[in-house]
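Reader: Could you take me closely through one part of this model, the residues around the ligand and the strand and helices beside them, and then show how the rest of the chain relates to that part? I would like one connected account rather than a list.

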Amino acid sequence: MQIVPAPFPAARLRRLRRTPALRDLAQEHRLTAKDLIWPVFVTDLPGADVEIGSMPGVARVTVDGAVRAAERAADLGIPAICLFPYTDPALRTEGCEEAWNPDNLSNRAVRAIKAAVPDVAVMTDIALDPYNANGHDGLVRDGVILNDETVEALVRMALAQAEAGADILGPSDMMDGRIGAMRAALEAAGHADVAILSYAAKYASGFYGPFRDAVGASGRLVGDKKTYQMNPANADEAIRLVARDLSEGADMVMVKPGMPYLDICRRVKDSFGVPTYAYQVSGEYAMIEGAVRAGWLSEAVVAESLLGFKRAGCDGILTYFAPRIAAALTG
Ligand code: PBG
């Protein structure tokens with residue numbers, strides 16, 4: 001159907017912007033607490049509850065603190081939280097064995113949350129970087145990131161997380177073939193109902209810097225992640241990656257980072273019509289929060305930045321602003 005716009009003055013688009021009530025009625029997209037996934041950093045070490053320097057307002061929390069965060073999420077109507085462990089440096093090895101320890105920090109936090117607040121969905125991260133002596137998401141031999149060996153390690157990690165009770169697994173590693181391998185292993189192990197939210201279109205981005213501080217990977221990372229994360233110049237490749245991950249058994253897909261990649265969000269949603277999420281990553285948080293704290297931007301930009309994801313077709317957003325914006329929305 002072709003809409004023929006009436007000419008001025010029959011059409012005056014300002015008519016529906018005149019009052020708050022009319023603007024509400026004409027509003028196309030809405031942000032609610034239900035759209036949010038709250039990423040939370042967990043630690044066992046001293047230093048819990050101390051702000052992360054590059055992420056003002058965000059601190060790592062203990063396992064008990066993660067349970068309290070989940071309770072807060074439940075109170076605020078946030079459906080899911082996503083855990084990222086700050087692993088004890090003594091447990092970071094070249095073989096990354098701690099990643100699939102059933103009692104590692106992340107798995108203990110999952111169990112504690114599911115026991116205390118079963119209705120909040122718990123998402124976990126699947127990648128080796130919090131456990132790796134060299135800060136990479138995959139196993140490294142002679143400076144090369146090994147794909148197939150890494151996938152085997154990731155499958156072990158996925159099974160341990162499913163066993164701990166994770167509702168949603170979030171493979172953020174960008175190895176080839178990992179979704180299919182995990183899905184097959186989950187089916188075989190009796191975890192048919194565990195969902196996979198694939199970090200399908202994850203770019204090699206400078207916006208992850210503060211996150212690497214938060215999980216203690218910054219000082220360790222040798223080189224960069226460009227042999228596995230995407231080139232920021234590519235868009236068609238994101239569509240191939242999403243198609244590939246869906247065909248291997250991903251239930252939901254993610255675009256990451258968010259704000260510089262809204263075109264990718266829109267293309268993914270239009271191409272596949274599947275549950276699509278964006279990660280407003282640590283550097284986006286730092287940028288916005290830094291400017292708000294400096295008084296250069298108003299708090300209103302937080303909601304505006306998140307609404308942009310809804311407009312771009314996203315079903316939800318992972319954001320460090322989750323509790324703050326949910327509290328503001330709930331009033
Ligand atoms: C690592 C991982 C990263 C993020 C989530 N999982 C960092 C990276 O790939 O180096 C970044 C999240 C953020 O910046 O907020 N597998």
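## Around the ligand and strand β10

Author: Ser282 counts as buried because its relative accessible area is 1%, and buried means under 20%. This is a predicted model, and every value that follows is to be read in that light. Ser282 belongs to helix α9, which covers residues 282-294. If neighbours within four places in sequence are set aside, the contacts of Ser282 are Met55, Phe207, Tyr208, Gly209, Pro210, Phe211 and Tyr320. One of these residues, Phe207, also takes part through its backbone, for the side chain of Ser282 reaches the backbone oxygen of Phe207 at 3.3 Å.

Ser282 also leads directly to the ligand. Among the 18 residues around the ligand, those that come nearest are Lys202, Arg212, Lys256, Ser282 and Tyr320. Tyr320 therefore appears twice in this account, as a contact of the buried Ser282 and as one of the residues that come nearest to the ligand. Three polar side chains can be described atom by atom. In Arg212, a polar side-chain atom lies 2.7 Å from an oxygen atom of the ligand, and in Gln229 an N or O atom of the side chain is 2.9 Å from an oxygen atom of the ligand. Asp129 is placed against a nitrogen atom of the ligand instead, with a polar side-chain atom at 3.3 Å. The ligand taken alone exposes 400 Å², and the protein buries 100% of that.

Two of the residues named beside the ligand, Lys202 and Lys256, bring us to the strands. Strand β9 runs over residues 195-202 and pairs with β10 in the parallel sense, over 4 bridges; within this pairing, Lys202 has Lys256 of β10 as its bridge partner. On β10 there is a second pairing, with strand β11 (residues 276-280), again in the parallel sense but over 3 bridges. There Val255 stands opposite Ala278 of β11. The path from β10 to β11 passes through helix α8 (residues 262-272), and the three elements make a right-handed β-α-β unit.

How do the side chains of β10 divide between its two directions, and are they buried or exposed? In a regular strand the side chains alternate between the two faces of the sheet. In β10, Met252, Met254 and Lys256 point one way, whereas Val253 and Val255 point the other way, and all of them are buried. The strand, residues 252-256, is accordingly described as mostly covered, with 5 of its 5 residues buried. Directly after it, the peptide bond from Lys256 to Pro257 is cis, with omega near -10°, and Pro257 lies in the loop between β10 and α8. The cis bond thus involves Lys256, the residue that bridges to Lys202.

The partner strand β9 holds Ser198, which is buried because its relative accessibility is 0%. Its contacts, not counting residues up to four places away in sequence, are Pro171, Arg178, Ile179, Asp245, Ala250, Met252, Val253 and Met254, a set that includes residues of β10. With one of these, Asp245, Ser198 also shares a polar contact of 2.5 Å between side chains. Ser198 and Trp38 are 160 residues apart along the chain, and their C-alpha atoms are separated by 16 Å. A different case is Ala184 in helix α5 (residues 178-188), partly exposed because its relative accessible area is 47%. Ala184 and Arg14 are 170 residues apart in sequence, and 55 Å lie between their C-alpha atoms.

A few backbone details elsewhere in the chain complete the account. The peptide bond from Phe8 to Pro9 is cis, with omega near 10°, and Pro9 lies in the segment before α1. Two residues other than glycine have a positive phi: Asp49, with phi near 70°, and Cys96, with phi of about 60°. Asp49 is placed in the loop between β1 and β2, while Cys96 lies in the loop between β4 and α3. Their surroundings contrast, since Asp49 counts as exposed at 56% relative accessibility, whereas Cys96 counts as buried at 0%.

Methods. Residues numbered from 1 in each chain as written. Predicted model: local features only at pLDDT ≥ 70, side-chain atom pairs only at ≥ 80, totals over all residues. Heavy atoms only, no water. Buried < 20%, exposed > 50% of the residue type's maximum accessible area, 1.4 Å probe, protein only. Pairing = 2+ DSSP bridges. Right-handed = clockwise from strand over helix to strand, strands pointing away. Near = heavy atom within 4 Å. Polar contact = N/O pair within 3.5 Å; in protein donor to acceptor, adjacent residues only side chain to side chain. Areas by Shrake-Rupley, 256 points an atom, 1.4 Å probe, with all protein chains shown as cover. Contact = heavy atoms within 4.5 Å.
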